[in-house]
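Let's take a friendly walk through a protein model. Have a look at the picture below before reading on.

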Amino acid sequence: MTTEKIDSVSAALGLTLVATWLLALRQKPTRGRTAAVAVSTLAFVGYGPETEQAVITQFGEPMGRPVQTPGLHWKTPFIQVVHQFDKRILEWDGYPSEIPTRDKKFIWVDVTGRWRIEDPLLFLQTMHNERNAQSRLDDIMDGITRNHITRYNLPEVIRSSDQIL
C-alpha cells in the first residue's frame, strides 16, 4: 500500500471518528458511549510532550519523518506504533571498577557521561530503545577508560591539572 493510500485511509478513519463524536454528542450521553469515544480518541491520537520525540512505524517500517514537535498527532490505530524517545540530555553512569595503571598499581575508577538522541529514526533502527543504548555505552566507555588508564603511570593519572588525558 502506498503512502498516499495510507494517508487517505487514515483521513477516512479520522472523518469516521469525527462523525461518531458528533452522533454521540447529539444523543444522551451514557457510560458506554463516553467510554467508546474515549477509547477511539486514544486509538487515533498520539500525544507528544515537549521532552520527547517520536518515530511512527507501520508494520515495523518508519512512516515519514520523526515527530519532534509537541502536541497531538494522528495515527492509524492498531496498525501504526509510536516509539517515543527522550529529547533531553540523558545520563550514563558506569560501574566503578579497579583498573591497573602502566606501573601496575590498581586504582578505582568511576566514569559518568552525558548523551542525547540527535536522530530518533537512526536511533530506532540501530539501538531500538534506551536500554540497549545504555548497554552499548557500558561496553564502549569501559573499554576506552581501561585503555586510557593503562597508558599512564599513577602520578600522571591523578595529577591536579585541568588537562584532559
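How far apart should the ends of helix 4 (residues 130-149) be, at 1.5 Å a residue?

## Helix 4, end to end

Keep in mind that this is a predicted model. Helix 4 has 20 residues, so at 1.5 Å a residue it should span 28 Å. The C-alpha atoms at its ends are 28 Å apart, which agrees.

Look just before the helix starts and you'll find Asn129, which caps the N-terminal end. One of its side-chain oxygens lies 3.3 Å from the backbone nitrogen of Arg131.

## Two faces of one helix

Which residues of helix 4 are buried? They are Ala133, Asp138, Thr145, His148 and Ile149. Viewed down the helix axis, these buried residues fall within an arc of 145°, so they line one face. Here's a handy rule: an α-helix has 3.6 residues a turn, so residues three or four places apart point the same way.

Turn to the face pointing away from the buried side and you'll meet Asp139 and Asn147, which are exposed. What do the buried residues of helix 4 pack against? Their partners include strand 6 (90-93), strand 9 (112-115), helix 3 (120-126) and helix 5 (154-157). Strand 7 and strand 8 are partners too.

## A hairpin

Strand 7 (residues 97-100) and strand 8 (residues 106-109) pair up in the antiparallel sense, with four bridges between them. Pick out Glu98 and you can find its bridge partner, Trp108, in strand 8. The hairpin has five residues between these strands, and Lys104 takes a positive phi there, near 65°.

## Around His83

Now find His83 in strand 5 (residues 80-86). Is His83 buried or partly exposed? With a relative accessibility of 25%, His83 counts as partly exposed, because buried means under 20%.

Leaving aside residues up to four places away in sequence, His83 touches Gln53, Ala54, Val55, Thr57 and Leu124. With Thr57 there is also a side-chain polar contact of 2.9 Å. Glu52 sits 31 residues from His83 along the chain, yet their C-alpha atoms are separated by 10.0 Å.

## The whole chain

Zoom out, and the protein chain has five helices and nine strands. From the N terminus, the order is α-α-β-β-β-β-β-β-β-β-β-α-α-α. The chain has 165 residues, and 28% of them count as buried.

Among contacts between residues at least 6 apart in sequence, 62% join residues at least 24 apart. The accessible surface comes to about 11,900 Å², and 58% of that belongs to carbon and sulfur atoms.

Technical notes: Residues numbered from 1 in each chain as written. Predicted model: local features only at pLDDT ≥ 70, side-chain atom pairs only at ≥ 80, totals over all residues. Heavy atoms only, no water. Helix = DSSP H or I, 4+ residues; strand = E, 2+ residues; numbered from the N terminus. Buried < 20%, exposed > 50% of the residue type's maximum accessible area, 1.4 Å probe, protein only. Contact = heavy atoms within 4.5 Å. Areas by Shrake-Rupley, 256 points an atom, 1.4 Å probe, with all protein chains shown as cover. Pairing = 2+ DSSP bridges. Expected span 1.5 Å × (residues − 1). Arc of directions from axis to C-beta. Polar contact = N/O pair within 3.5 Å; in protein donor to acceptor, adjacent residues only side chain to side chain.
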